[in-house]
Amino acid sequence: MTGSVIIAGLGPGAEAKVTPEVTAALDQATDVVGYIPYVARVAPRPGLTLHPTDNRVELDRARHALDLAAQGARVVVVSSGDPGVFAMASAVFEALEAASHLAHVPVTVLPGITAMLAAASAAGAPLGHDFCAINLSDNLKPFDLVARRLRLAAQADFAMAFYNPRSKSRPHQFARVLEILREECESTRLITFARAVSTPEQALRTVTLAEATEDMADMRTVVLVGNSATRRIGPYVYTPRSA
Ligand code: SAH
């Protein structure tokens, strides 16, 4: 009998931000597949096999999940945040596209609270009007494309959320990102660096573009850039509905 693949988002960190349908799917699972730190968030129990794998093997992991399901397993593939936001859902569909003999495996995607929304609510409402999300990593796409999307989004006056802003393997690109923002935006533009949101290490810091430096971001940070109308009110940052 064919099993199934559910691709589930575990939210940004706190247990209270895991949706009830994701908890129910994990309760029913025979196998959980995912990146090591995300699988570590799933409690072991009899009858459940955990398959933690390293980063950067998303396609192999996705194929493994589909193979297990084809053999009858109820597989949950876990991502942090939302699985459709720079995460495993697309990888599973890519694997499905490449393996026509697995086309009969039922695949379901269960949403989760993505980092930018958890960060925005912790800050106030900086994404309160039109916004876009950009993955700054050039692991899978050229940096020129990142730079082009960023420049055009800034010119269109979108508020923006940056995922994967800076890593040890790409220490200098975030400096380039700040440079492009300085070319396109006024120096008073508000930027919130939100680190480890909804975990005990959560730290939020809002500065102006003039004050922003590349070392304010790391791989556990999501960066929220306001639009030209984004402002502070007391400790909060918000974007008005009219802009
Ligand atoms: N699917 C995830 C994103 C995966 S990409 C989601 O929807 O949130 C990994 C990037 O997400 C990190 O580099 C960081 O930019 C961001 N991120 C994930 N969890 C975060 C958290 N708790 N706090 C701040 N940023 C986070």
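This report describes the ligand surroundings, aromatic pairs, salt bridges and one surface patch of a predicted model.

**Ligand surroundings**

The ligand is surrounded by 19 residues, and the closest of these are Asp82, Val85, Thr114, Met219 and Thr221. Polar backbone atoms of the protein approach the ligand at several places: one belonging to alanine 115 is 2.9 Å from a ligand oxygen atom, while a polar backbone atom of valine 197 is 2.9 Å from a ligand nitrogen atom, and one of alanine 196 is 3.4 Å from a ligand nitrogen atom. Taken alone, the ligand exposes 540 Å², and the protein buries 92% of that area.

Serine 198 is placed in the loop between strand 9 and strand 10 (203-208). Its relative accessibility is 14%, and serine 198 therefore counts as buried, the cut-off for that class being under 20%. The side chain of serine 198 reaches the backbone nitrogen of alanine 14 at 2.8 Å.

**Aromatic pairs**

The structure holds 3 aromatic pairs. One of them joins tyrosine 35 and tyrosine 38 in an edge-to-face arrangement, with 5.3 Å from centre to centre and 85 degrees between the planes. Tyrosine 35 is partly exposed at a relative accessible area of 22%, and tyrosine 38 is likewise partly exposed, at 25%.

The rings of phenylalanine 174 and phenylalanine 193 have centres 6.2 Å apart and planes at 85 degrees, so this pair is edge-to-face. The pair links distant parts of the chain, since phenylalanine 174 belongs to helix 7 (residues 173-184) and phenylalanine 193 to strand 9 (residues 190-195), 19 residues apart. Phenylalanine 174 counts as buried at 0% relative accessibility, and phenylalanine 193 counts as buried at 3%.

The loop between strand 8 (159-163) and helix 7 contains asparagine 164, which is partly exposed at 24% relative accessibility. The C-alpha atoms of asparagine 164 and phenylalanine 174 are separated by 9.7 Å, the two residues being 10 apart along the chain.

**Salt bridges**

A search of the whole structure finds 10 salt bridges, including those in the following table.

| Acidic residue | Basic residue | Closest N to O distance |
|---|---|---|
| Glutamate 179 | Arginine 176 | 2.7 Å |
| Glutamate 186 | Arginine 189 | 2.7 Å |
| Aspartate 218 | Arginine 195 | 2.8 Å |

Glutamate 179 and arginine 176 are separated by about one helical turn, because they stand 3 residues apart in helix 7. Both partners are partly exposed, glutamate 179 with a relative accessible area of 41% and arginine 176 at 30% relative accessibility. In the bridge between glutamate 186 and arginine 189, glutamate 186 is partly exposed at 32% relative accessibility, whereas arginine 189 counts as buried at 4%.

The bridge between aspartate 218 and arginine 195 links distant parts of the chain, with aspartate 218 in the loop between strand 10 and strand 11 (221-225) and arginine 195 in strand 9, 23 residues apart. Aspartate 218 is partly exposed, with a relative accessible area of 25%, and arginine 195 is partly exposed at 28%. Salt bridges that share partners also join Arg151, Arg176, Glu179, Glu183 and Glu184 into one network.

**Surface patch**

Ile113, Leu117 and Phe131 make a nonpolar surface patch of about 220 Å². Phenylalanine 131 is found in strand 7 (residues 131-135) and is partly exposed, with a relative accessible area of 32%.

Note on methods
Residues are numbered from 1 along each chain as its sequence is written. This is a predicted model: local features need pLDDT of at least 70, side-chain atom pairs count only at pLDDT 80 or more; totals for chains, interfaces and linings use all residues. Side-chain values use heavy atoms; hydrogens and water are left out. Rings of Phe, Tyr and Trp (its six-membered ring) pair if their centres lie within 6.5 Å; planes under 30 degrees apart count as stacked, over 60 as edge-to-face and the rest as tilted. Buried means under 20% relative accessible area, exposed over 50%, partly exposed in between (1.4 Å probe, protein chains only). Helices (H or I, at least four residues) and strands (E, at least two) are DSSP runs, numbered from the N terminus. Patches are made of residues with over 30% relative accessible area and no salt bridge: like charges are joined within 9 Å, nonpolar side chains (Val, Leu, Ile, Met, Phe, Trp, Tyr) within 5 Å. Accessible areas come from the Shrake-Rupley method with a 1.4 Å probe; for residues, only the protein chains shown count as cover. A salt bridge is a side-chain nitrogen of Lys or Arg within 4 Å of a carboxyl oxygen of Asp or Glu. A residue is near a molecule or strand if one of its heavy atoms lies within 4 Å of it. A polar contact is a pair of N or O atoms within 3.5 Å; within protein, one must be able to donate a hydrogen and the other to accept it, and residues adjacent in sequence count only if both atoms are side-chain atoms.
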